[in-house]
Amino acid sequence: MQVQRVVLASRPGKNGVPVPENFRLEETTLTADLQDGDVLVRTLYLSVDPYMRCRMNEDTGADYLGPWQLSECVDGGGVGVVESSRCSTCNEGDVVTSFNWPWQTYAVLKGSGLQKVDPQLAHGHLSYFLGAIGLTGLTALLGVREKGHVIKGANQTMVVSGAAGACGCIAGQIGRLDGCVRVVGICGSDEKCKALVEDLGFSAAINYRQEDVSTRLKECCPDGVDVYFDNVGGDISDTIIAQMNNGSHVILCGQISQYNKDLPYPPPLSKETQETLQMKNITRDRFTVLNYMSKADAALYELSQCVKSGQIKVLETVVNGIENMGDAFCSMMKGGNIGKQIIKISE
């Protein structure tokens, strides 16, 4: 059968900004002759995420991430439906997901590498398994729980950078549900600020492109900052850390502002910020959700119940068509999405 796929056409370079031309759409032939253990899947939704920028380099800088190879099919989070199967754990019609789903309209995959999901957990919104009820939601929930030290009744203030992104918008809602009395989001547009406050229940939001972050933080966080969910790094993080309280906590989730630079991960801090962390006894531990997968099933069920009850609202930016994967990825890297960036491949 003829299928479409996206391959890595070129690398942007360690200090380069990705462009859609780094990706190429191809047609290829897929054999429908399945071997034992194989399943044929039809792709429904694909995900683009900031960590993928590292995979565009020959050296990802992370031992748990392999680089994408030139002229080879790109992969990432995906959801699809089983069309035919020679695997005992997958049946025709099952909805399945994987962290290593090829960017193809159809694919033959090993059933052992797929996770079967129950559409009812997502109220039928199958794309949620790539976001709020998937690895993104897990990162937000477990990041707050494992590294944030949120305590009900402790009058804590949380700040989230990249707050209108896939992970940030969930993390802020988790912080509020877990007991923070004030949750403030940092993002890059007035539209995003409005969504954070009016749709997701953030206490306030700051547009870093239009407002002085330091001044606005003092206004929005009069008692200082106790928990910082860091998705961006750079100058914004330096500004927030400067206003953190003694014994507070940084959840080091991502550093998207630094991903187009040839820097180690996590990137080095300024001398002033290092001194602030030390002087105020602020914890700043790198958080990698893959280290906590033993807690994944319970956490995913909790997330699904929170979404179902409306305690967690889900925002998505959906683009149609596999031919738009490169555009969607580059837009996400520049903050063009509100909530999770999803590409819809088929019905």
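## Strand 15 and its neighbours

In this predicted model, strand 15 spans residues 340-344, and four of its five residues are buried, so the strand is largely enclosed by the rest of the structure. Buried here stands for under 20% relative accessible area.

Strand 15 pairs with two strands described here. With strand 14 (residues 316-320) strand 15 runs parallel, and five bridges join them. One bridge of strand 15 places K340 opposite E316. With strand 3 (residues 38-47) the pairing is antiparallel and extends over three bridges. I343 of strand 15 is the bridge partner of L46. In a regular strand, side chains alternate between the two faces of the sheet.

## Packing of helix 2 and helix 3

Two packed helices are described by the angle between their axes and the distance between the axes. For helix 2 (residues 135-148) and helix 3 (residues 166-178), the axes come within 8 Å and cross at roughly 40°. That angle makes helix 2 oblique to helix 3, since angles under 35 degrees would count as roughly parallel. The crossing of the two helices is right-handed.

## Residues at the helix contact

Helix 2 contributes T136, G137, T139, A140, L141, V144 and R145 to the contact. On the side of helix 3, the residues met are A166, C167, I170, A171, I174 and D178. By class, the residues of this contact divide into eight nonpolar, three polar and two charged.

Technical notes. Residues numbered from 1 in each chain as written. Predicted model: local features only at pLDDT ≥ 70, side-chain atom pairs only at ≥ 80, totals over all residues. Heavy atoms only, no water. Axes fitted to C-alpha atoms, helices over the stretch in contact; angles between N-to-C directions. Parallel < 35°, antiparallel > 145°, perpendicular 65-115°, else oblique. Left-handed = near helix turned anticlockwise from the far one by under 90°. Contact = heavy atoms within 4.5 Å. Nonpolar A, V, L, I, M, F, W, Y, C, P; charged D, E, K, R; others polar. Buried < 20%, exposed > 50% of the residue type's maximum accessible area, 1.4 Å probe, protein only. Pairing = 2+ DSSP bridges.
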